[in-house]
Amino acid sequence: MIISGTELAKETKQDVARRVAEAKEKYGRAPHLVVILVGEDPASQSYVKGKSRDAEEVGFKNTTIVRPAETSEKEILDLIAELNADNEVDGILVQLPLPRHINEDRVIEAIAKEKDVDGFHPGNVASLWQKLSCILPCTPKGIIRFLDKAGVEIEGKKAVVIGRSNIVGLPAAKLLLDRNATVTIAHSRTKDLAKVASEADILVVAIGRPKFVTADMVGEGAAVIDVGVNRDPETGKLCGDVDFEACKDKASVITPVPGGVGPMTRACLMENTLECFLRKMGEIC
Ligand code: NAP
């Protein structure tokens, strides 16, 4: 079964749009998402455009603040402080990566925890690992949605996550663990990765290498979630970390790239923004 992220994202956004309309009726305004873009990186510009399109689609007020690449760290921190203090701003997202002279950790930490729609703030990360209420990072949240949508049982299953970044691999592993999977986190120094991966019932791949996962690394009937976004060196087209054509017949469930985890990540961002707003209004805790 190939699970379309585009379709699932559409369903998720329709649900968010319905809840936004209700919230607007009840509270007299829509949630407000502010996205800050520093510099002119074309990939970042395109990601920000996509987020803004989605925000409009679900009925948010949405503002994109663009600053030149030479903007100082202090100016960005001052801008975030202003947005934190603005009661009518519900979600703040700073598009990463930032220019080298700006410390990303300091910027992420400056965003108010309750407006951190990306779920990257250390307070949110700590809450996730302590099983406290928090804003879940969008990509891992989307991964679990895929598995649920496909009817993949997580409890008691062997999950292997390849990649241990703070934004994808580690939180994805934690969410799988919280659903009672037995989780192995693999990385660049894992020995005999093919064997480790092929034993997985659920294989999540987030490494950033085109078509790295080949058919021998996928167990018969595994659910395969491909997070990678790469350019195929041969065709120049977008591709994932998984060799989709080689693996699709072995997997019971697989996500394509493009049209897989990417759109679902953005849909979860919309959901997080709505949840920040509803939390502020005391509707959810
Ligand atoms: P990252 O921070 O660069 O982390 C990559 C991870 O992959 C590291 O843990 C690294 O291991 C591991 N790795 C690298 N080469 C490996 C190898 N040969 N064998 C096993 N493990 C290896 O990347 P990331 O931010 O997690 O992103 C991963 C991919 O997902 C990228 O393609 C990125 O563009 C994509 N992504 C997509 C979305 C989306 O919405 N679709 C969101 C975020 C990221 P070590 O820790 O040992 O170095």
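Reader: In which loop is the place of Pro 258, and between which elements?

Author: Pro 258 belongs to the loop between strand S10 (253–254) and H10, where helices (H or I, at least four residues) and strands (E, at least two) are DSSP runs numbered from the N terminus. This is a predicted model, in which local features need pLDDT of at least 70, side-chain atom pairs count only at pLDDT 80 or more, and totals for chains, interfaces and linings use all residues. Residues are numbered from 1 along each chain as its sequence is written, and side-chain values use heavy atoms, with hydrogens and water left out.

Reader: Is the peptide bond from Val 257 to Pro 258 cis or trans?

Author: Most residues other than glycine have a negative phi, and most peptide bonds are trans. The bond that joins Val 257 to Pro 258 is cis, with omega near 0°. A cis bond with omega near 0° likewise leads from Leu 96 to Pro 97, and Pro 97 is placed in the loop between S3 and H4.

Reader: Which residue has a positive phi although it is not a glycine?

Author: Lys 131 is a case, with a positive phi of about 60°, and its place is in the loop between H5 and H6.

Reader: I would like to turn to empty space; how much of it lies in the largest pocket?

Author: Rolling a probe the size of a water molecule over the atoms shows where empty space is left. On a 1 Å grid over the protein atoms alone, a cavity is a set of points where a 1.4 Å probe fits but cannot get out, while a pocket is an open set with protein on both sides within 12 Å along at least five of seven lines, and lining residues have an atom within 4 Å of a point. The largest pocket holds about 1200 Å³ of space, a volume being what probe spheres fill when set on the points, which are joined across faces, edges and corners.

Reader: Which residues and elements line the largest pocket?

Author: The lining of the largest pocket has 43 residues, with Tyr 47, Thr 139, Val 229, Gly 262 and Thr 265 nearest the centre. Two or more residues come from each of helix H2 (42–58), strand S3 (91–94), helix H6 (138–149) and H10, and H2 gives the most, with 7 residues. By class, the lining has 23 nonpolar, 12 polar and 8 charged residues, where Ala, Val, Leu, Ile, Met, Phe, Trp, Tyr, Cys and Pro count as nonpolar, Asp, Glu, Lys and Arg as charged, and the others, Gly among them, as polar.

Reader: Where is the ligand, in terms of pockets?

Author: The ligand takes up the space of the largest pocket, since a molecule sits in a pocket or cavity if more than half of its atoms lie within 2 Å of its grid points.

Reader: Which residues come nearest to the ligand?

Author: There are 22 residues around the ligand (those with a heavy atom within 4 Å of it), and Arg 164, Ser 165, Ser 188, Val 229 and Thr 265 come nearest. This shell consists of 10 nonpolar, 10 polar and 2 charged residues, and helix H10 (residues 261–280) supplies the largest share of it, with 3 residues.

Reader: How far from the ligand do the polar atoms of Ser 165, Arg 209 and Val 227 lie?

Author: For polar contacts (pairs of N or O atoms within 3.5 Å), a polar side-chain atom of Ser 165 lies 2.5 Å from an oxygen atom of the ligand, whereas a polar side-chain atom of Arg 209 is 3.3 Å from a nitrogen atom of the ligand. From Val 227, a backbone N or O atom lies 3.5 Å from a nitrogen atom of the ligand. The protein covers 71% of the 920 Å² of accessible area (Shrake-Rupley method, 1.4 Å probe) that the ligand has on its own.

Reader: What volume does the second largest pocket have, and which element gives the most to its lining?

Author: The second largest pocket has about 220 Å³, and its lining includes Leu 96, Glu 104, Phe 120 and Asn 166. Helix H4 (104–110) and helix H5 (122–129) each give two or more residues, with the most, 4 residues, from H4.

Reader: How many cavities of 30 Å³ or more does the structure hold?

Author: The structure holds 2 such cavities. The largest cavity, of about 50 Å³, takes the largest share of its lining, 3 residues, from H5, and this lining has 5 nonpolar, 3 polar and no charged residues. The second largest cavity has a volume of about 40 Å³, and its lining comprises 5 nonpolar, no polar and 2 charged residues. Phe 120 is among the residues that line the largest cavity, and Phe 120 lines the second largest cavity as well.

Conventions:
A polar contact is a pair of N or O atoms within 3.5 Å; within protein, one must be able to donate a hydrogen and the other to accept it, and residues adjacent in sequence count only if both atoms are side-chain atoms.
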